[in-house]
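Colleague: Before we go further, could you take me through how the helices of this model pack, with the reasoning behind each answer?

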Amino acid sequence: MATSRPTKATAGSRADQANRADRALAYLESAKNLTGSACALGGLALTFTGLAGAYWPVVVAGLYGAGALIAPPTRPPAPRFPDPTSRLDGLRKDFTTLREYLTQVDLPPAATERLDSLRELLNGLLTPGWVSEALAQDPEGIHVLARAVHRDLPESVDTYVRTRWWTRMAPGGQDPEEQLMRQLALLHGEVEELVAGLREAEEIRQQTHTRYLEDRGAENTDGTGTVPGT
């Protein structure tokens, strides 16, 4: 037995009806309708007292329209985005994964020392606290940090491991350890610049507060160094 399937036109018609019903319900609950209805009730009260006269329908409709006009427009809710500090949560987990990977890699002593210094900087920036809160307000800083954790640092180490194997198979090429040290030094410099930028922002904040206190103190004195009234 054949069964009929709803056509696209039928489905579209049902969707339009549902949308119209939603819009009608939204208007009934809106501030415009509620304010207009309250004013219209005032018009009915005038009608019952005889003040509206024979034109009471016009009075009621006019008051409803006036109320709907003076009511504030419907305000859509503002979008809510994740808290800036929450953006670092995923980066912290990825950094933990990266550290576990680095413990399994055999690196030269000099590279290990440089890598440990870099990891200390990254860990200090990502540890929950006021430092990470300051970092969360710096989108460019988060980008630099995420790039180092997700791509630059693992790529440098993995490339060294693979190149070292080929060098052992066919000696005579570039020294992979030298390339790794250069890459780690560049990455260390980038993270140090990020730390310096955050420190500078805090210093500016401190200086700004000092100037504010100095200006406020100057306003509270009479020019002789004493506070008026003392």
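Colleague: Is Arg 92 buried or exposed?

Modeller: This is a predicted model, and in it Arg 92 lies in helix 4. Leaving out residues up to four places away in sequence, Arg 92 touches Thr 85, Leu 126, Thr 127, Pro 128 and Ser 132. Its relative accessibility is 18%, and because the cut-off for burial is under 20%, Arg 92 counts as buried.

Colleague: Which helix gives the most residues to the largest nonpolar core?

Modeller: That core has 28 residues, of which Leu 107, Leu 122, Leu 135, Leu 145 and Leu 153 touch the most other members. The elements that give two or more residues to this core are helix 4 (87-102), helix 5 (109-126), helix 6 (130-136), helix 7 (139-169) and helix 8 (176-219). With seven residues, the one that gives the most is helix 7.

Colleague: Which residues does Leu 107 contact, leaving aside its neighbours within four places in sequence?

Modeller: Leu 107 is one of the core residues that touch the most other members. With those neighbours set aside, its contacts are Thr 112, Leu 115, Val 157, Tyr 160 and Leu 180.

Colleague: How are helix 5 and helix 8 oriented to each other, roughly parallel or roughly antiparallel?

Modeller: Their axes lie 10 Å apart, and the packing angle is about 25°. Helix 5 passes helix 8 in a left-handed crossing. Since angles under 35 degrees count as roughly parallel, the two helices are therefore roughly parallel.

Colleague: How many of the residues in the contact of helix 5 with helix 8 are nonpolar?

Modeller: Residues meeting there include Leu 115, Leu 118 and Leu 122 in helix 5, and Leu 180, Leu 184 and Val 191 in helix 8. Alongside two polar and three charged residues, the nonpolar ones number 16.

How values were computed. Residues are numbered from 1 along each chain as its sequence is written. This is a predicted model: local features need pLDDT of at least 70, side-chain atom pairs count only at pLDDT 80 or more; totals for chains, interfaces and linings use all residues. Side-chain values use heavy atoms; hydrogens and water are left out. A nonpolar core is a set of buried Ala, Val, Leu, Ile, Met, Phe, Trp, Tyr and Cys residues joined through side-chain atoms within 4.5 Å. Buried means under 20% relative accessible area, exposed over 50%, partly exposed in between (1.4 Å probe, protein chains only). Helices (H or I, at least four residues) and strands (E, at least two) are DSSP runs, numbered from the N terminus. Contact means heavy atoms within 4.5 Å. Axes are lines fitted to C-alpha atoms, for helices over the stretch in contact, and angles run from 0 to 180 degrees between N-to-C directions. Angles under 35 degrees count as roughly parallel, over 145 as roughly antiparallel, 65 to 115 as roughly perpendicular and the rest as oblique. A crossing is left-handed if the near helix is turned anticlockwise from the far one by less than a right angle, and right-handed if clockwise. Ala, Val, Leu, Ile, Met, Phe, Trp, Tyr, Cys and Pro count as nonpolar, Asp, Glu, Lys and Arg as charged, and the others, Gly among them, as polar.
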